[in-house]
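Here is a short report on a single chain and its ligand. It moves from the backbone to the core, then to the ligand shell.

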Amino acid sequence: MARVTRLDRVEQSTRGRFAGPPLTPRTAVVWSVLAAELDRRADVELSVLDVGGGTGGFAVPLAQAGHRVTVVDASPDALAALTRRAAEAGVADRVRAVQGDGDALTGLVEPASVDLVLCHSVLEVVDDPGPVATALAGALRPGGAASVLVPGRAAAVLGRAMNGQMEVAAALVAAADGAAGPRDTLRRRFDAGEAAALLSAAGLTVEEIHGVRVLADLLPASVADAQPGALVELERALAGRPPYRDLAAQLHLFARRPA
Ligand SMILES: C[S@@+](CC[C@H](N)C(=O)[O-])C[C@H]1O[C@@H](n2cnc3c(N)ncnc32)[C@H](O)[C@@H]1O
């Protein structure tokens with residue numbers, strides 16, 4: 001019988017107290033997992049760190065929910081857009097933008113001080129994901145949680161093959177890092193086990209793994225656009241269930257620093 005996951009519990013509890021942004025196939029699963037953690041600590045103003053948080057797609061809604069968010073990002077342009085977005089949302093006082101590198105958080109963020117760290121769509125572009133994962137764990141207080149989003153290797157293989165790029169698909173299967181050479185826009189992709197091993201090696205305990213966009217990238221736009229609500233619900237239903245989970249465009253890992 002399928003295990004009851006954090007996402008199932010959120011569906012059953014109609015997302016609890018955290019009312020985040022409108023859910024889309026790209027964001028529904030991640031927000032649902034985060035909502036469970038936010039609801040668990042509903043009376044606490046959390047210290048949130050978003051590493052490679054970019055223009056604040058997650059940081060600003062989290063600040064609007066009453067939390068204090070620090071975004072560390074390498075790009076000054078992204079941070080400028082983040083600062084504008086936070087001001088427009090009326091949460092400039094809750095969002096701190098810091099230019100820096102994800103593997104050098106010490107000095108930017110007090111070690112062991114953060115309740116929730118986000119690292120979404122970053123580990124695939126950094127030089128080496130190991131030191132970044134270690135830095136994420138080091139920033140978390142004991143008991144704090146990490147939300148990590150990485151690209152799935154299997155979805156990339158299927159996608160390239162369906163586009164007729166058989167050689168690229170074969171290269172993605174064979175390459176140790178799940179990247180198809182120097183012309184690939186990403187430096188690596190992950191299977192669920194590889195991503196979990198990366199976080200475990202950094203000292204985090206992986207509690208849940210979900211697939212993000214199991215179907216969304218496979219469907220013709222006419223189909224996806226015709227039934228957006230049904231697609232979101234189906235994505236949420238499939239997200240925690242292998243083998244669907246493992247075919248998703250992205251893998252979301254929810255992990256915790258042991259208390
Ligand atoms: C694809 S975007 C993801 C943005 C955001 N996390 C999201 O999910 O929408 C990757 C972000 O990581 C930042 N980045 C890349 N390498 C980085 C590094 N070594 N340290 C910190 N940020 C980095 C980029 O500037 C960019 O804003």
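Where does Pro243 lie? Pro243 sits in the loop between helix H10 (228-238) and strand E7 (250-256). The model is predicted. In it, a cis peptide bond joins Pro242 and Pro243, with omega at about 10 degrees. Most peptide bonds are trans.

**Overall form**

The chain has 10 helices and 7 strands. Its C-alpha atoms fill a box of roughly 50 × 40 × 35 Å along the principal axes. A compact globule of 259 residues would have a radius of gyration near 18 Å, and the chain agrees because its own value is 18 Å. Of the 259 residues, 44% count as buried. Contacts reach far along the sequence: among those between residues at least 6 apart, 72% join residues at least 24 apart.

**Two domains, one core**

The domain assignment gives domain 1 (6-152 + 190-256) and domain 2 (153-187). Their C-alpha centres lie 25 Å apart. The contact between them takes 11 residues from domain 1 and 9 residues from domain 2. On the domain 1 side, the touching residues are 6 nonpolar, 1 polar and 4 charged.

The largest nonpolar core holds 76 residues. Within it, Val95, Val117, Leu136 and Leu199 touch the most other members. Helix H2 (residues 28-40) gives the most to this core, with 9 residues. Domain 1 and domain 2 both give residues to the core, so it lies between them.

Val95 shows how one of these core members is packed. Beyond its neighbours within four places in sequence, Val95 is in contact with Gly56, Ala59, Val60, Ala63, Val69, Val71, Leu82 and Ala86.

**Burial at four positions**

The table gives C-beta neighbour counts inside 10 Å. A residue is buried at 20 or more and exposed at 12 or fewer.

| Residue | C-beta neighbours within 10 Å | Class |
|---|---|---|
| Leu198 | 23 | buried |
| Arg213 | 21 | buried |
| Leu108 | 18 | partly exposed |
| Ala112 | 13 | partly exposed |

Leu198 lies in helix H8 (residues 192-201). Leu198 touches Pro129, Gly130 and Ala133, leaving out residues up to four places away in sequence. Leu198 and Asp101 are 97 residues apart in sequence, and their C-alpha atoms are 18 Å apart.

Leu108 belongs to the loop between strand E3 (95-99) and strand E4 (114-120). Apart from neighbours within four places in sequence, Leu108 is in contact with Val72, Val98 and Gly100. The C-alpha atoms of Leu108 and Ala139 are separated by 9.8 Å, with their positions 31 residues apart along the chain.

**Positive phi**

Most residues other than glycine have a negative phi. Which value does phi of Ala112 take? Phi of Ala112 is near 55 degrees, a positive value. Ala112 lies in the loop between E3 and E4. Arg213 also has a positive phi, near 65 degrees. Arg213 is in the loop between strand E6 (205-212) and helix H9 (221-226). Why does Arg213 count as buried? Because Arg213 has 21 C-beta neighbours inside 10 Å.

**The ligand shell**

How many residues surround the ligand? There are 17, and the closest are Gly52, Gly54, Ser75, Gly102 and His120. By class, this shell has 7 nonpolar, 8 polar and 2 charged residues.

Conventions: Residues numbered from 1 in each chain as written. Predicted model: local features only at pLDDT ≥ 70, side-chain atom pairs only at ≥ 80, totals over all residues. Core = buried A, V, L, I, M, F, W, Y, C linked by C-beta atoms within 7 Å. Helix = DSSP H or I, 4+ residues; strand = E, 2+ residues; numbered from the N terminus. Domains from an automatic or database assignment. Contact = placed C-beta atoms within 7 Å. Near = placed C-beta within 6 Å. Nonpolar A, V, L, I, M, F, W, Y, C, P; charged D, E, K, R; others polar. Rg over C-alpha atoms; globule rule 2.2 N^0.38 Å.
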